[in-house]
Amino acid sequence: MLNWSQCSAVERSPAKVSGAWVFKNSRVPVRALFENLESGASVNDFLEWFPGVQRKQVEAVLEFASLVQN
């Protein structure tokens with residue numbers, strides 16, 4: 001499991017989405033990105049569906065996940 005506390009694009013608070021990791025300044029869970037990508041959506045699709053998330057946040061999350069898994 002990734003330690004998302006090391007990724008500056010996300011945050012976690014017990015008051016937001018039951019304490020799930022979310023994109024900073026939003027209520028969009030990080031897991032929603034991965035679930036959508038695994039289902040065949042593109043990053044552009046995700047950004048369109050979740051307008052509160054910025055492209056630089058998505059890029060940071062994907063980069064963090066790839067660095068940690070390698």
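Leaving aside neighbours within four places in sequence, F46 touches seven named partners: F23, V28, A32, L33, N36, V53 and V58. F46 is buried, at 0% relative accessibility. The model discussed here is predicted.

**The core around F46**

F46 belongs to the largest nonpolar core, which has 18 residues. W4, F23, F46 and V61 have the most contacts inside that core. Three helices feed the core: α1, α2 (43-49) and α3 (55-69) each supply at least two residues. The top contributor is α3, with four residues. W4, another of the residues with the most contacts there, is buried too, with a relative accessible area of 10%.

**Overall layout**

The protein chain holds three helices and two strands. Read from the N terminus, the order is β-β-α-α-α. Strand β1 spans 10-11, and helix α1 covers residues 30-38. The C-alpha atoms fill a box of roughly 30 × 30 × 20 Å along the principal axes. For 70 residues, a compact globule would have a radius of gyration near 11 Å. The chain has 11 Å, so it agrees with that expectation.

Burial and surface can be put in numbers as well. Of the 70 residues, 36% count as buried. The accessible surface comes to about 4600 Å². Carbon and sulfur atoms own 48% of that surface. On the contact side, take pairs with a separation of 6 or more: residues 24 or more positions apart account for 36% of them.

**Aromatic pairs**

How many aromatic pairs does a search of the whole structure find? The search finds four. One of them joins W4 and F34; this pair is tilted, with 6.2 Å centre to centre and 45 degrees between the planes. The W4 and F34 pair links distant parts of the chain. W4 sits in the segment before β1, F34 sits in helix α1, and 30 residues separate the two. F46 and F50 form another tilted pair, at 4.6 Å centre to centre and 35 degrees between the planes. Ring pairs also link W4, F34 and F64 into a cluster.

Why is W4 classed as buried but F34 as partly exposed? The cut-off for buried is under 20% relative accessible area. W4 is buried because its relative accessible area is 10%. F34 counts as partly exposed because its value is 24%. The F46 and F50 pair splits in a similar way: F46 is buried at 0%, whereas F50 is partly exposed at 23%.

**The salt bridge**

The salt bridge count comes to one. K16 and E11 form this bridge, and their closest N and O atoms are 2.7 Å apart. Side chains of opposite charge can pair when their charged atoms come close. Both partners are partly exposed: K16 has a relative accessible area of 22%, and E11 has 23%.

**Accessibility of the paired residues**

The table collects residues from the aromatic pairs and the salt bridge.

| Residue | Relative accessible area | Class |
|---|---|---|
| W4 | 10% | buried |
| F34 | 24% | partly exposed |
| F46 | 0% | buried |
| F50 | 23% | partly exposed |
| K16 | 22% | partly exposed |
| E11 | 23% | partly exposed |

Methods: Residues numbered from 1 in each chain as written. Predicted model: local features only at pLDDT ≥ 70, side-chain atom pairs only at ≥ 80, totals over all residues. Heavy atoms only, no water. Salt bridge = Lys/Arg side-chain N within 4 Å of Asp/Glu carboxyl O. Buried < 20%, exposed > 50% of the residue type's maximum accessible area, 1.4 Å probe, protein only. Phe/Tyr/Trp six-rings, centres within 6.5 Å; stacked < 30°, edge-to-face > 60°. Core = buried A, V, L, I, M, F, W, Y, C linked by side-chain atoms within 4.5 Å. Contact = heavy atoms within 4.5 Å. Rg over C-alpha atoms; globule rule 2.2 N^0.38 Å. Areas by Shrake-Rupley, 256 points an atom, 1.4 Å probe, with all protein chains shown as cover.
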